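Me: Could you take a close look at one part of this model for me, namely the salt bridges and their surroundings? I'd like one connected walk-through rather than a list.

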Amino acid sequence: MLLSELLTELRLSVVMKVKTSENDWLLLIAKPTYKSFPPPPEDGYTLASPTENPELFPEEVEAIKRHFRPPPSSGFITLDLEG
Amino acid sequence: MVPSSTYVTLVPSGLRVYPLNKTSTHSVGRMHVHRMTGLPRLDALHYLFTKKTDRVVAHCLDLDLVAVAGDIDAAEHRLDSAVKAHIAWAYAAGNNAALSCHAPREYWISMNRATQIANKLLFIETVPPMTLPVEKTVIVAVELPVFRAEVPLADAA
């Protein structure tokens, strides 16, 4: 999956691009609604990639989705009221 | 300000903040909060490398950042860049929350079970500059081949 496709799917955008001395790109991905810079973790993710619009590996896709779609159950416990 | 996903204890050396998953078998990943600025101060970073058949996944568990490359050196180098930029941007803006995103617990458990490799120090250009120790471990992922077949529509009918 291309980064641009994932950004479209999750409604995100790249808000900062920096090219490193090794010709890698550092991309700061954020929700369009972020209010502070850099965005808080649920609103921002830093990706290092060889190109501006890389073909993402599944692990990168998973990490980005994890940042922007935290599991709804995190921070909660389930009580078994039946007994 | 302390992130909401943490709890705080007061100790003589200052204010300490621990991630909620303190019950994890891995006892590291703690942050300290600087008394004057209120910024979380990372004590150490933890890199988990997962070797797959065609690539290496480098994962900084403290910030939940991932980088992938063909070999371990390239993946680590790429991850270093992302980690340095992430921390430097957060410090420059005084954004506490950007430094309080940990990887899910299962990755910390994997790190605890993985083979430890040589640690290193990572220099980060914050003001003032900081040098963080990096603990590194590596695991080899077991990948089984999956044989897939598709029945043509005409045959299925």
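Reply: Happy to. A good place to begin is a pair of charged residues, Arg78(B) and Asp24(A), both of which are buried. Please keep in mind throughout that this is a predicted model. Side chains of opposite charge can pair when their charged atoms come close. Here Arg78(B) and Asp24(A) do form a salt bridge, with 3.4 Å between the closest N and O atoms. Because Arg78(B) sits in helix H1 (residues 72–93) of chain B while Asp24(A) sits in the loop between E1 and E2 of chain A, this pair joins two chains.

That bridge has company. Over all chains, the structure holds 11 salt bridges, and the interface of chain A and chain B has 4 salt bridges across it. Another pairing between the chains brings the side chain of Lys52(B) to that of Glu59(A), at 2.8 Å from N to O. The residues of chain A that touch chain B come from several elements: strand E1 (13–19), strand E2 (25–30), strand E3 (44–49) and helix H2 (58–68) of chain A each supply at least two. H2(A) gives the largest share of that side, 7 residues. Sorted by class, the side of chain A that touches chain B has 16 nonpolar, 4 polar and 6 charged residues.

For the wider setting of these bridges, the contact draws 26 residues from chain A and 26 residues from chain B. About 2100 Å² of area is buried between the two chains, and carbon and sulfur atoms give 62% of it. If you count residue pairs in polar contact between chain A and chain B, with both residues at pLDDT 80 or more, there are 10.

Now back to Glu59(A), since its bridge is part of something wider. Glu59(A), Lys52(B), Asp54(B) and Arg55(B) are linked in a network of salt bridges. Within chain B, Asp54(B) and Arg55(B) form a salt bridge whose closest N and O atoms are 2.9 Å apart. Arg55(B) has a relative accessible area of 11%, so this residue counts as buried, the limit being under 20%.

On the chain A end of the network, Glu59(A) is one of the buried residues of H2(A), along with Glu60(A), Val61(A), Ala63(A), Ile64(A), Arg66(A), His67(A) and Phe68(A). H2(A) as a whole is mostly covered, with 8 of its 11 residues buried. What do those buried residues pack against? Their partners come from both chains: H1, E2 and E3 of chain A, together with strand E6 (56–60), strand E7 (65–69) and helix H2 (105–113) of chain B.

There is one more bridge to visit, this time inside chain B. Lys120(B) pairs with Glu76(B), the closest N and O atoms being 2.8 Å apart. This bridge links distant parts of the chain, as Lys120(B) belongs to strand E8 (residues 115–124) of chain B and Glu76(B) to helix H1 of chain B, 44 residues away. How accessible are Lys120(B) and Glu76(B)? Lys120(B) is partly exposed because its relative accessibility is 22%, whereas Glu76(B) is buried because its relative accessible area is 10%. The side chains of Glu76(B) and Lys120(B) also qualify as a polar contact, at 2.8 Å.

Around Glu76(B), setting aside neighbours within four places in sequence, the contacts are Tyr47(B), Phe49(B), Ala58(B), Lys120(B) and Lys136(B). Two of those names lead to an aromatic feature: a search of the whole structure finds 1 aromatic pair over all chains. Tyr47(B) and Phe49(B) make up that pair, arranged edge-to-face with 6.2 Å from centre to centre and 80 degrees between the planes. Tyr47(B) and Phe49(B) are both buried, and Glu76(B), in contact with each of them, lies in helix H1 of chain B, the helix that also carries Arg78(B).

Notes
Residues numbered from 1 in each chain as written. Chains lettered and ligands numbered in written order. Predicted model: local features only at pLDDT ≥ 70, side-chain atom pairs only at ≥ 80, totals over all residues. Heavy atoms only, no water. Contact = heavy atoms within 4.5 Å. Buried area = accessible area lost by both parts, 1.4 Å probe. Polar contact = N/O pair within 3.5 Å; in protein donor to acceptor, adjacent residues only side chain to side chain. Helix = DSSP H or I, 4+ residues; strand = E, 2+ residues; numbered from the N terminus. Nonpolar A, V, L, I, M, F, W, Y, C, P; charged D, E, K, R; others polar. Buried < 20%, exposed > 50% of the residue type's maximum accessible area, 1.4 Å probe, protein only. Phe/Tyr/Trp six-rings, centres within 6.5 Å; stacked < 30°, edge-to-face > 60°.
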